[in-house]
Amino acid sequence: MKKLLALGLAAVMGLSLIGCAGGAPQASGSTPAAAQPVTIHFFNAIIENVDWYESVIERFEAEHPGIKVEMEFQKDYDAALKVKFQTGDIPEIINGGSSQIYIDQGRFLDLSDMTGWWDRLVPGIKEVCTDYKTGKQFFITTNTSSFGLLYNKDIYSALGLAPAKTYEEFAANLLAIRQQQPDVAPLYVGSKDAWMLGQMMDVWGYSPIRQASGNVQTKKAMIENDQAILGLAAPGSAPELFANAILDLRDQDLFNSDFLTATYDNALDAFANGKTANLMQGLWAVSLIQEKNPAFTNIGFAPLPALVPGGQPVMLNAPDVKYFIGAESAHPEEAKVFLEYLFSPELQKEFTELRQCPSAFKDVDADWGPMKSDVEAALQNSLIVDWSDSPIGFAPDDIGRMIQDLYSGKYATGAEFAAEYAAAFEKCWTATYQ
C-alpha cells in the first residue's frame, strides 16, 4: 500500500487563482479476480482523518488482496482536482466537495442504483445527495456536520459572556475578551490556509442572501448567476457586509496578531490551549483540538451572529463527508467494493466518534461528541445553511486569498472589496458555464 501526502501545490496553484485563467466485516460482493492486484486511487480532502483512513486501507487490503488502495491528500483540494480532470488523472474515489459543473460534465458515476446504501440513510439525507437538475445521486454522504462558533466556555463563564446573536453583540464580546484577558486572542483565524477564510465567507458572508431567499434559491442563483438574488455588486451586498465586519474586527484588534501567517493547525492549537476564546470552525475540528489537549473538554458551539439587523444567527448543517466515484476512472467496481467496506456500521461508528459529527446511517449508533446538546439547541434557533456551489476558480481557497488581500489593505472599503468580488465571480462563472 502506498499513501501520498502532497502538502504543497506550487506547481498547480496558478490554474486555480481567482483570475480564472478490529477489522470490519467482509464487504458484500467478491473482490474481482486479477493476476495482479488492481490499484484504485483514493483522492482524499479530509486532512483531520488521514491516519484513520490509512488504518482502514490496511485492514481492507488484508481482507481483499486483489485490490490495493493508494490514498492521496492535497492541501489545495479544489486546484488539484481541477488539474486531475484536465490531465485525465481520474481517481476512482473522490472525497470532498465538488462544483456542479463537474456533475454537469459527467465526471462522476451515477450512484442512484446503490440501493443498499440509500436504504440505510436517515430520512432526508438522500434528498440532500440528489442533483437538483437530474434527480440522480452522484455522491453519498456518511455524516452531517455543523459549522459555527466554537467557543471556550471557561473564558465565557469567567467574563460573564453569552454567545452573541447580533454582530454588535459579537464585537462587544470580543472587545471584552481583549480588554479583560489581553493574552487571549478574541477570535483566531488561521488565514495562511486560505480555505478557512473561504469557509467563513460561505457560511457567514452569504447568510444575508440565504436569509432573504432561502438555501435552494441561493444555490440555484450561484449556479445560474442570478444577480437579482445574489446582488453581489449592489450597495449593501453580502460581500460588502462581510468585508465591513472583517475590517471592523481588524481595526479593533480583535483577531489574532498573526492573522496572515497562522495556519489551521495553529488555530486549533491556540484554541486547545486557551490562547483564543473563539474559532469559526466546524465540528470536524473538535477531535483534533482534543488530541492536542485531552483535558480541554469545555467547548461550546453556537451559531454565528447575524450580519444584518433583524437577521437570524446562522450555522451550517450539511453533508460533511462526500464520496464520489470518477466516471472515467479505470476501476469503478473495485471502488464500490472499498466503499462498501468503508460504510460498514462498525467502521462508521469508529469514524463518527473520531470525527464527532452525526452519522447519516440509521444503523450506526455512536456517541459523537460533547457538544451534541449545544448543536441540537442551535439547530432550533438558527438560519440553517448548506455549502454554496461556486463556479470553478471561485473555491474557498480562491475566495480566501481575496480576503487575505482585504485584511492586508488592498481594498480600502467593504464596497471596494465587493466590487472586485462581484467582478471575479462573474469572470469565473462565465469561464465555467459559458
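The paragraphs below lead through a predicted model, starting in its interior and moving on to helices, charged pairs, a strand and aromatic rings.

The largest nonpolar core holds 148 residues, and among these Tyr53, Trp204, Ile289, Tyr323 and Phe338 touch the most other members. Tyrosine 53 is a useful place to begin, and once its neighbours within four places in sequence are left aside, its contacts are Phe42, Asn44, Ile46, Met71, Asn95, Val321, Tyr323, Leu342 and Phe351. Tyr323, which appears among those contacts, is itself one of the residues that touch the most other core members.

Tyr53 is also one of the buried residues of helix α1, together with Val50, Trp52, Glu54, Val56, Ile57, Arg59, Phe60 and Glu61. Helix α1 covers residues 50-63, and its 14 residues, at 1.5 Å a residue, should span 20 Å; the C-alpha atoms at its ends are indeed 20 Å apart, so the expected span and the modelled one agree. Several aromatic side chains gather here as well, for ring pairs link Trp52, Tyr53 and Phe60 with Phe42, Phe338, Tyr341 and Phe351 into a cluster.

The next topic is charge. Side chains of opposite charge can pair when their charged atoms come close. In this model the count comes to 18 salt bridges, and three of them can be followed one at a time. Lysine 133 forms a salt bridge with aspartate 104, with 3.0 Å between the closest N and O atoms. This pair links distant parts of the chain, since lysine 133 lies in the loop between α5 (125-128) and β5 (140-152) while aspartate 104 lies in helix α3 (residues 100-104), 29 residues apart. Are these two partners buried or exposed? Lysine 133 has a relative accessible area of 44% and therefore counts as partly exposed, and aspartate 104, with a relative accessible area of 35%, is partly exposed too.

A second salt bridge joins the side chains of arginine 210 and aspartate 202, at 3.2 Å from N to O. Here arginine 210 is buried, because its relative accessible area is 3% and the cut-off for buried is under 20%. Aspartate 202 is likewise buried, with a relative accessible area of 9%.

The third example lies within one helix: the side chains of glutamate 353 and lysine 349 meet in a salt bridge of 2.7 Å, N to O. Both residues belong to helix α16 (residues 345-355), and they are 4 residues apart, about one turn of the helix. Glutamate 353 is partly exposed, with a relative accessible area of 31%, and lysine 349, at 35% relative accessibility, also counts as partly exposed. Salt bridges can also be linked to one another, and Glu48, Asp320 and Arg355 form a network of this kind.

From the helices we can turn to a strand. In a regular strand the side chains alternate between the two faces of the sheet. Strand β7 (residues 299-302) has Ile299 and Phe301 pointing one way and Gly300 and Ala302 pointing the other way, and all of these are buried. Strands β5 and β7 run antiparallel and are joined by 4 bridges, and glycine 300 in β7 is the bridge partner of tyrosine 151. Threonine 297 has its place in the loop between α14 (286-292) and β7, where it is partly exposed, with a relative accessible area of 48%. Although threonine 297 and alanine 272 are 25 residues apart in sequence, their C-alpha atoms are 9.1 Å apart in space.

The last topic is the aromatic rings, of which the whole structure contains 33 pairs. The rings of tyrosine 167 and tryptophan 204 have centres 6.4 Å apart and planes at 35°, so this pair is tilted. It connects distant parts of the chain, with tyrosine 167 in helix α7 (residues 167-180) and tryptophan 204 in helix α8 (residues 195-205), 37 residues apart. Tyrosine 167 is buried at a relative accessible area of 12%, and tryptophan 204 is buried at 0%. The rings of tryptophan 429 and tyrosine 433 also make a tilted pair, because their centres are 5.7 Å apart and their planes stand at 40°. Both of these residues lie in helix α19 (residues 414-433), 4 residues apart, which is about one turn of the helix. Tryptophan 429 is buried, with a relative accessible area of 12%, and tyrosine 433 is buried, with a relative accessible area of 18%.

Definitions and conventions. Residues numbered from 1 in each chain as written. Predicted model: local features only at pLDDT ≥ 70, side-chain atom pairs only at ≥ 80, totals over all residues. Heavy atoms only, no water. Core = buried A, V, L, I, M, F, W, Y, C linked by side-chain atoms within 4.5 Å. Buried < 20%, exposed > 50% of the residue type's maximum accessible area, 1.4 Å probe, protein only. Contact = heavy atoms within 4.5 Å. Helix = DSSP H or I, 4+ residues; strand = E, 2+ residues; numbered from the N terminus. Expected span 1.5 Å × (residues − 1). Salt bridge = Lys/Arg side-chain N within 4 Å of Asp/Glu carboxyl O. Pairing = 2+ DSSP bridges. Phe/Tyr/Trp six-rings, centres within 6.5 Å; stacked < 30°, edge-to-face > 60°.
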